[in-house]
Amino acid sequence: MPPSVTWITDRPGAPAGIDPRGPRFTAAVTLAVAIAALVAALAVPIGATAGARAVEPGTILLGVLALAFLAGTVGGPTRNPVGVLFRTLVRPRLRPPADLEDPRPPRFAQGVGLVLSAAGVALHLAGVPWALAIAAALVVVASFLNAVVGLCLGCQVYLLLARTGLVGRAA
């Protein structure tokens, strides 16, 4: 291990650190899929039957994102399918990161993405006209900010909740 790497795991009881470039890579892939879902959702005719809504491309794409977010929420950011892709194919080709980050904020952010995308799909299937497009647009904005600007909205919410003592405090 290079001496320049700062490990957050040096603290007792701290979770293993993750490469901060992984969540940004995941956000970039999420952005591409979410844009495709948004474009497809905007082409949905109002008044389509429930069966037709279930097999629309936008519904399927946002549903796939919801499943990826579920994997990232349950298993952590490195268990998200795109996180696995980063860890196995991309990360070995990069230099070691200067420091590692706490995986809890990105994991929380995956949960926020899960709630947004699953709610959008569920409401769309229930017949709410613009639910799919609005949910896809919110995922586009959040993933754009993370991938391009480096601002993870879900991580910021996690940190705010941690400061108030609602999450992330170990006994």
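Which helix does Phe 144 lie in? I started my notebook with that question, and I found Phe 144 in helix H6. The model I am reading is a predicted one.

**Entry: the surface patch**

I looked up how much of Phe 144 can be reached from outside. Its relative accessible area is 39%, so I put it down as partly exposed. I then checked which residues go with it at the surface. Phe 144 belongs to a nonpolar surface patch of about 490 Å². The other members are Val 141, Val 148, Val 149, Leu 151 and Leu 153. I asked which element gives the largest share of this patch. Helix H6, residues 131-149, supplies 4 residues and holds that place.

**Entry: the whole chain**

I stepped back to the overall make-up. I counted 7 helices and 0 strands in the protein. Read from the N terminus on, the order of elements is α-α-α-α-α-α-α. The protein has 171 residues, and I noted 37% of them as buried. For the accessible surface I wrote down about 9,300 Å². Carbon and sulfur atoms account for 71% of that surface. I also looked at contacts between residues with a separation of 6 or more. Of these, 75% are between residues 24 or more positions apart.

**Entry: helix H4**

I turned to helix H4, which covers residues 81-90. Which of its residues are buried? I listed Val 82, Gly 83 and Phe 86. Viewed down the axis of H4, these buried residues fall within an arc of 105°, so they line one face of the helix. I checked what covers them, and helix H1 (21-42) is included in the cover. I also looked at the start of H4. There a side-chain oxygen of Asn 80 comes to within 2.8 Å of the backbone nitrogen of Val 82.

**Entry: Gln 110**

Asn 80 came up again when I looked at Gln 110, since the two are in contact. Gln 110 is in helix H5. Is Gln 110 buried or exposed? Its relative accessible area is 10%, so I recorded Gln 110 as buried. Leaving aside neighbours within four places in sequence, I noted its contacts with Thr 26, Ala 68, Phe 69, Gly 72 and Thr 73, besides Asn 80. I also took one C-alpha distance. Gln 110 and Leu 70 are 40 residues apart along the chain, and their C-alpha atoms are separated by 7.3 Å.

**Entry: salt bridges**

How many salt bridges does the count come to? I got 3 salt bridges.

I took the pair of Asp 19 and Arg 21 to begin with. Their closest N and O atoms are 2.8 Å apart. Asp 19 has a relative accessibility of 10%, so it counts as buried. Arg 21 has a relative accessible area of 29%, so I entered it as partly exposed.

Next I checked Arg 91, whose side chain meets that of Asp 19 in a salt bridge, at 2.9 Å from N to O. This pair links distant parts of the chain, 72 residues apart. Arg 91 sits in the loop between H4 and H5, while Asp 19 sits in the segment before H1. With a relative accessible area of 22%, Arg 91 is partly exposed. I noted that Asp 19, Arg 21 and Arg 91 are linked in a network of salt bridges.

The remaining pair I looked up was Asp 102 and Arg 104, whose side chains meet in a salt bridge at 2.5 Å, N to O. Where is Asp 102? I found it in the loop between H4 and helix H5, the latter spanning residues 104-125. Why does Asp 102 count as buried? Its relative accessibility is 17%, and buried means under 20%, so Asp 102 qualifies. For Arg 104 the relative accessible area is 30%, so I marked this residue as partly exposed. I also have the two side chains listed as joined by a polar contact of 2.5 Å.

**Entry: recap**

I closed the page with two reminders. The salt-bridge network takes in Asp 19, Arg 21 and Arg 91. The nonpolar patch draws its largest share from helix H6.

Conventions. Residues are numbered from 1 along each chain as its sequence is written. This is a predicted model: local features need pLDDT of at least 70, side-chain atom pairs count only at pLDDT 80 or more; totals for chains, interfaces and linings use all residues. Side-chain values use heavy atoms; hydrogens and water are left out. Buried means under 20% relative accessible area, exposed over 50%, partly exposed in between (1.4 Å probe, protein chains only). Helices (H or I, at least four residues) and strands (E, at least two) are DSSP runs, numbered from the N terminus. The arc is that of the directions from the helix axis to the C-beta atoms. Contact means heavy atoms within 4.5 Å. A polar contact is a pair of N or O atoms within 3.5 Å; within protein, one must be able to donate a hydrogen and the other to accept it, and residues adjacent in sequence count only if both atoms are side-chain atoms. Accessible areas come from the Shrake-Rupley method with a 1.4 Å probe; for residues, only the protein chains shown count as cover. A salt bridge is a side-chain nitrogen of Lys or Arg within 4 Å of a carboxyl oxygen of Asp or Glu. Patches are made of residues with over 30% relative accessible area and no salt bridge: like charges are joined within 9 Å, nonpolar side chains (Val, Leu, Ile, Met, Phe, Trp, Tyr) within 5 Å.
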